[in-house]
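Here is a short round of questions and answers on one structure. Each answer sets a value against its definition.

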Amino acid sequence: QLVESGGGLVETGGSLRLACSLSGGTFSRWTIGWFRQAPETEREFVAAAAWSGGYTGYADSVKGRFTVSRENANASVYLQMTSLKPEDTADYYCAASPFPFVQGATYDYWGQGTQVTVSS
């Protein structure tokens, strides 16, 4: 089971830290991805932390502003979001993939999502 937390309302330029926790299974063998979906848009990839090699990946739209990290001891992955923009407003979801790398991962399990709203 994946559970997201940390969403909320923030002003443009502000920061938020999302957390994704996994219960059950061996967390250290799951690649965790973050996705987002704004109203009337398709879900899009945001960032991911692979379980092998410490690799991470980011969408171009968030590079330099968002940082993904994982703490296997806590079975958690974090998404630190800075310099937030109104276009970052969306429901954010984490998902788990057994694939060891970011490139090529397909995600089998999804959380319920947490809402992020950036006011202008």
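Q: What makes two residues a contact?
A: Their heavy atoms lie within 4.5 Å. Among contacts in the chain with a separation of 6 or more, 58% come from residues 24 or more positions apart.

Q: What kind of model is this?
A: This is a predicted model: local features need pLDDT of at least 70, side-chain atom pairs count only at pLDDT 80 or more, and totals for chains, interfaces and linings use all residues. Residues are numbered from 1 along each chain as its sequence is written, and side-chain values use heavy atoms, with hydrogens and water left out.

Q: How many helices and strands does the chain have?
A: The chain has 0 helices and 11 strands. Both are DSSP runs, numbered from the N terminus: helices (H or I) need at least four residues, strands (E) at least two.

Q: Why is the chain called as compact as a globular protein of its length?
A: The radius of gyration, taken over C-alpha atoms, is set against the globule rule, 2.2 Å times the number of residues to the power 0.38. The chain has 13 Å, and the rule gives 14 Å for 120 residues. The two values are close, so the chain is as compact as a globular protein of that length.

Q: Why is Pro39 called buried or exposed?
A: Buried means under 20% relative accessible area, exposed over 50%, and partly exposed in between (1.4 Å probe, protein chains only). Pro39 has 68%, so Pro39 is exposed. Its place is the loop between E4 and E5.

Q: Why is Gly53 called buried or exposed?
A: Gly53 has a relative accessible area of 64%, so Gly53 is exposed. Gly53 lies in the loop between E5 and strand E6 (56-58).

Q: How much of the chain is buried?
A: Buried residues make up 43% of the 120 residues.

Q: What makes a nonpolar core, and which residues have the most contacts inside the largest nonpolar core?
A: A nonpolar core is a set of buried Ala, Val, Leu, Ile, Met, Phe, Trp, Tyr and Cys residues, joined through side-chain atoms within 4.5 Å. The largest has 28 residues. Those with the most contacts inside it are Ile32, Trp34, Val46, Phe66, Leu79, Met81 and Tyr92. Strands that each supply at least two residues of this core include E3 (16-22), E4 (31-37) and E9 (90-97). A second, separate core of 7 residues includes Ala50, Val102, Ala105 and Tyr107.

Q: Which residues does Ile32 touch, not counting residues up to four places away in sequence?
A: Among them are Leu2, Cys20, Phe27, Val77, Cys94 and Tyr107.
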